[in-house]
Amino acid sequence: MKKEVSIKKIRNDAEELFRKGDFYCSEAVVSSIKNNFEIDMPDEMIAMASGFPIGIGKSKCVCGAVSGGILTIGYFFGRTKGGDPKVQKTLQLANELQQSFRDNHGCLCCHVHTRGMDMASGEHKKQCISFTGEVAQKAAEIIVRELNIKNIDE
């Protein structure tokens, strides 16, 4: 894993992955974090994020970008053994990520954010690209802070 990263690049890469149509929101967040931190995360972790776009399986519930960000936080800080108390820290960090999005946008609900938009429109895609970049950035900020990794943008 890298000891220094560019949070701006993480955001830009996530946005570009979505913009080009390579990945949807949650997948783009996971892919950007994986590649920029150069972590030994199997590509199947990106695949695990494939069910979260458009508010979890097109249900328009929780924003898929937020779900992708929480997956990456879980990768770094989650538990793999039952009963491991470090889950409490993971829950705290996941809450921080979703609260940041809620503070910026009022709620986590894809349905609310896309109300009245044509899902195939440029307006919808532009908004989702922005949300994807924002969440990738915030997740990276949390990871950098918690692991004392250098942000080369500062």
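**Helix α1 and the cysteines**

Modeller: The buried residues of α1 pack against β1 (4-5), α2 (25-37), α7 (122-147) and β2 (150-151), where contact means heavy atoms within 4.5 Å. This is a predicted model, in which local features need pLDDT of at least 70, side-chain atom pairs count only at pLDDT 80 or more, and totals for chains, interfaces and linings use all residues. Residues are numbered from 1 along each chain as its sequence is written, and side-chain values use heavy atoms, with hydrogens and water left out.

Biologist: Which residues of α1 are buried?

Modeller: Buried means under 20% relative accessible area, exposed over 50%, and partly exposed in between (1.4 Å probe, protein chains only). Helices (H or I, at least four residues) and strands (E, at least two) are DSSP runs, numbered from the N terminus. On these terms the buried residues of α1 are I7, I10, A14, E15, L17 and F18.

Biologist: What arc do they cover around the axis?

Modeller: The arc is taken over the directions from the helix axis to the C-beta atoms. The buried residues lie on the same side of α1, because their arc is only 160°.

Biologist: How many disulfides are there?

Modeller: A disulfide is a pair of cysteine sulfur atoms within 2.5 Å. C25 is in none, as the nearest cysteine sulfur, that of C63, is 5.6 Å away. The sulfur of C109 is 5.4 Å from the closest one, in C107, and therefore too far for a bond. The count of disulfides is zero.

Biologist: Is C25 buried or exposed?

Modeller: The relative accessibility of C25 is 8%. C25 therefore counts as buried.
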